[in-house]
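Colleague: Thanks for sitting down with me. Could you take me through the packing and pairing here, and give me the reasoning behind each label?

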Amino acid sequence: MELRAVQATRYVTPFREGGSLPGLVEADDDGLYVVKFRGAAQGPKALVAEIVAGELGRALGLPVPEIVLVEIDPALAGGESDPWVKELMERSPGVNLGLDFLPGSMTFDPRADGAPPPDFAANVVWFDALVTNTDRSPRNPNILTWHRRQWLIDHGASLFIHHTWLDPVAHAQRPLATISDHVLLPFAGSLRDAHERLAPRVTVSLLREIVALAPDVWLEPNARIGGPAEQRNAYIRYLTTRAGASEALVESIEEVRRAA
């Protein structure tokens, strides 16, 4: 398992949604990518979350646009007139993160796109509970419809335990407080069935491959956990513990639905 690396050749336009100011960038493979910059306010941990959650979702069979590593030369900012964009690019030399741009895609809207299949919706709800993704609400679904298929994007807010690494074992067994607001929960089939389909696939060997994809430079030293190797092990321990926490990933969510 590896991520492709590309060199940015042209900054096309910023996306104004959200606080990270991602930008549309053309690369030396002639592809267009939505780039999230390591110098943005959320910092490199958001890029690590994009890789770990995004590639785990892909390994579980969920549709996630291709993730690539994008090399940024600060000289690209030379002709940029927007001072915010210019500063962001100058703060983000070296390796950044890009997601394949889906031209013509639209934000998922069940009224226009129709209800998704129950098993698919349940899988996404379970997956977001696993990676503690707090950012999949009706107001901001972070799901795109492209060629009549739904694609999952924007996982930078996931795995928020890594901002503190405070008591990760207990944290891994807690329900996700925001899951009641999940955009796909009203359409989801059995969360128990989703757990039985997906939890056995969250293995140590798979997670070891996935966390190895995050560049060392994004895994800044952490006083509580340690350096890059120790942090990778912490992600593996956290996610394997959480994958076994059926109370957090199944029962608590079903209780939310029964109470609705």
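Colleague: In which sense, left-handed or right-handed, does α1 pass α7?

Modeller: Happy to start there, keeping in mind that this is a predicted model. The crossing of α1 with α7 is right-handed.

Colleague: Why are α1 and α7 called oblique to each other?

Modeller: The axes of α1 (residues 44-59) and α7 (residues 204-211) cross at roughly 135 degrees and come within 9 Å. An angle over 145 would count as roughly antiparallel, and 65 to 115 as roughly perpendicular. The value for this pair fits neither range, so α1 and α7 are oblique.

Colleague: Which residues meet there, and what is their character by class?

Modeller: From α1 come I51, V52, E55, L56 and A59, and they meet L206, L207, I210 and V211 of α7. By class, this contact has 8 nonpolar residues, no polar ones and 1 charged. Glu counts as charged, so E55 is the charged residue.

Colleague: What makes α4 oblique to α8?

Modeller: Again the angle: the axes of α4 (residues 118-130) and α8 (residues 228-243) cross at roughly 135 degrees, coming within 10 Å. That value is what makes α4 oblique to α8. On the α4 side the contact is made by W126, A129 and L130, and on the α8 side by L239, R242 and A243. These residues divide into 5 nonpolar, no polar and 1 charged.

Colleague: On to the strands. Why is β4 called mostly covered?

Modeller: Strand β4 spans residues 67-72, and 5 of its 6 residues are buried. Buried here means under 20% relative accessible area.

Colleague: How do you know that β4 pairs with β1 and with β5?

Modeller: Pairing needs at least two bridges. β1 (residues 5-14) and β4 share 3 bridges in the parallel sense, while β4 and β5 (residues 94-100) share 6 in the antiparallel sense. Both counts meet the cut-off, so both pairs qualify. E71 of β4 stands opposite Q7, and E71 also stands opposite V95 in β5.

Colleague: What is the strand order in the open sheet of 3 strands, and why do β6 and β8 count as its edges?

Modeller: The order is β6-β7-β8, with antiparallel pairing. β6 (106-107) and β8 (149-152) each have a single partner strand, so one side of each is left without a neighbour in the sheet. β6 is joined to β7 (residues 143-146) by 2 bridges, and M106 has T145 in β7 as its bridge partner.

Key. Residues are numbered from 1 along each chain as its sequence is written. This is a predicted model: local features need pLDDT of at least 70, side-chain atom pairs count only at pLDDT 80 or more; totals for chains, interfaces and linings use all residues. Side-chain values use heavy atoms; hydrogens and water are left out. Buried means under 20% relative accessible area, exposed over 50%, partly exposed in between (1.4 Å probe, protein chains only). Helices (H or I, at least four residues) and strands (E, at least two) are DSSP runs, numbered from the N terminus. Axes are lines fitted to C-alpha atoms, for helices over the stretch in contact, and angles run from 0 to 180 degrees between N-to-C directions. Angles under 35 degrees count as roughly parallel, over 145 as roughly antiparallel, 65 to 115 as roughly perpendicular and the rest as oblique. A crossing is left-handed if the near helix is turned anticlockwise from the far one by less than a right angle, and right-handed if clockwise. Contact means heavy atoms within 4.5 Å.
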